[in-house]
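Me: I would like to learn how to read packing, pockets and backbone geometry from a set of coordinates. Please take the features one at a time.

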Amino acid sequence: MTDIDWLGKPYYSLDAYFKHTYGEKCYKLAVDAGFTCPNRDGSLDTRGCVFCSAGGSGDFAVGLSDALASIDELSEKKLVIYFQAFTNTYGNVDDMRRLFTSALTHEHIIGISIATRPDCLGSDVLLLLEELKLQFAEKFIWLELGLQTIHQETAQYIRRHYDLYVYNDAVKNLKALKIPFITHIILGLPGETKDMMLETVRYVSDISKTEENEPNGIKLQLLHVLNGTDMADDYIAGSFKVLLQDEYIELAIKCLRNIDQSIVIHRITGDGPKKILIAPKWSANKRAVLNSFHKRMKELGARQGDELHQHAQNNTCDDSGK
């Protein structure tokens, strides 16, 4: 159980973490640093994951130089550089060192968040992360891991191209370096039931919880069907349906109730670029979705982690044969 004030929300939001840690609201700048992905360059595949847009999930990102140049216009705000597009620990380590150092050196940058794949955290990358952690001890380095699901059949469909043990190993290595990690989970993937999605959430919650002051996090992402993706072709062909707004809200609340209270919630839904969003259209109004989400949590009296104890008790009974 966390003793941190959640600032009026029924879950431990990233905003609450920042305000308690830095005393004010902090802002993220999404960056496309020019990396590629083993799912794009032919190492594992050339098509990318089935849900991934041409921008590599960085459709709102800008170049690092543009992001740094814009900082002066943002006055004295505390900022985080989010290396978002594609796989940001895949490539030349010297290029990574230059880019990450450039961001961490800026006086208004409090830390960096690096989006990557668990299978792209080799020993050379881990050594670099350890080096930067020591060099910039007053700032933070977070790793964002695109897991999406723990279920192998779904992982094969989305063309993830790595097994669950790879994620486990990545987490183990990051914990050894005391580098916080944020796990991305997609809700609504084709073929997955609510119970399957909850299994993923509980698994990630268990592996992410900590009694130390390390803000491991989870991002819950509604499945977006985007134009130009292979998933769009499947959707148009009628292979699956997307979640309705009420379905998603009930599901996301259930997920939150099964996430340990030590874990920071970085995202509840997300919003796809409207110009390429095919479905669900209701997700384009993110503010309305979040307002409905918070209202429903209040109606239910629901809070992050409040079902974990009950779930653990039920499992104990099942294991004992009672």
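Reply: Start with contact: two residues are in contact when they have heavy atoms within 4.5 Å of each other. Keep in mind that the model is predicted. Leaving aside neighbours within four places in sequence, Val201 is in contact with Ile185, Leu220, Cys255, Asn258 and Ile259.

Me: Where is Val201 placed, and is Val201 buried or exposed?

Reply: Val201 sits in helix H7. Buried means under 20% relative accessible area. Val201 has a relative accessible area of 0%, so Val201 is buried. For a distance along the same lines, take Val201 and Arg257: the two are 56 residues apart in sequence, and their C-alpha atoms are 10.0 Å apart in space.

Me: How do I describe two helices that pack against each other?

Reply: Two packed helices are described by the angle between their axes and the distance between the axes. Here the pair is helix H7, residues 194–208, and helix H9, residues 245–256. The angle is about 35°, and the axes are 10 Å apart. The crossing of H7 past H9 is right-handed. On the H7 side, the contact is made by Lys194, Met197, Leu198 and Val201, while H9 supplies Leu251, Lys254 and Cys255.

Me: How do the residues of that contact divide into nonpolar, polar and charged?

Reply: Five residues of the contact of H7 with H9 are nonpolar, none is polar and two are charged. Cys255 of H9 belongs to this contact, and Cys255 is also on the contact list of Val201.

Me: Next, pockets. What volume does the second largest pocket have, and which residues lie nearest its centre?

Reply: The volume of the second largest pocket is about 340 Å³. Its lining has 19 residues, and those nearest the centre are Lys139, Phe140, Pro180, Asn213 and Pro215. Two elements give two or more residues to this lining: helix H1 (14–22) and strand E4 (140–148). By class, the lining of the second largest pocket divides into twelve nonpolar, two polar and five charged residues.

Me: Pro215 is one of the residues nearest the pocket centre. What does Pro215 touch?

Reply: Apart from neighbours within four places in sequence, Pro215 contacts Tyr17, Trp142, Pro180 and Val264. Pro215 lies in the loop between H7 and strand E6 (217–222). Its relative accessibility is 8%, so Pro215 counts as buried. The C-alpha atoms of Pro215 and Tyr17 are separated by 8.0 Å, although the two residues are 198 apart along the chain.

Me: Trp142 is on that contact list. Which residues are in contact with Trp142?

Reply: With neighbours within four places in sequence left aside, the list is Leu14, Tyr17, Phe18, Ile112, Ser113, Ile114, Pro180, Ile182, Pro215 and His266. Trp142 is part of strand E4 and is buried, with a relative accessible area of 1%. For a separation in space, the C-alpha atoms of Trp142 and Ser283 are 27 Å apart, and the two residues are 141 apart along the chain.

Me: How would the same reading go for Leu79, and in which strand is Leu79 placed?

Reply: Leu79 is in strand E2, residues 78–83. Its relative accessible area is 1%, so Leu79 is buried. Not counting residues up to four places away in sequence, Leu79 touches Tyr27, Leu29, Ile71, Leu74, His108, Ile109, Ile110 and Gly111.

Me: Last, the backbone. What sign of phi and what form of peptide bond do most residues have?

Reply: Most residues other than glycine have a negative phi, and most peptide bonds are trans. Gln148 has a positive phi, near 75°, and so does His161, near 65°. Gln148 is in strand E4 and counts as buried at 10% relative accessibility. His161 is in the loop between helix H5 (152–157) and helix H6 (164–176); with a relative accessible area of 38%, His161 is partly exposed.

Me: Which peptide bond is cis?

Reply: The bond from Ala279 to Pro280 is cis, with omega near -10°. Pro280 lies in the loop between strand E9 (277–279) and helix H10 (286–300).

Terms used: Residues numbered from 1 in each chain as written. Predicted model: local features only at pLDDT ≥ 70, side-chain atom pairs only at ≥ 80, totals over all residues. Heavy atoms only, no water. Axes fitted to C-alpha atoms, helices over the stretch in contact; angles between N-to-C directions. Helix = DSSP H or I, 4+ residues; strand = E, 2+ residues; numbered from the N terminus. Left-handed = near helix turned anticlockwise from the far one by under 90°. Nonpolar A, V, L, I, M, F, W, Y, C, P; charged D, E, K, R; others polar. 1 Å grid on protein atoms, 1.4 Å probe; cavity = no way out; pocket = protein on both sides within 12 Å on 5 of 7 lines; lining within 4 Å. Points joined across faces, edges and corners; volume = space filled by probe spheres on them. Buried < 20%, exposed > 50% of the residue type's maximum accessible area, 1.4 Å probe, protein only.
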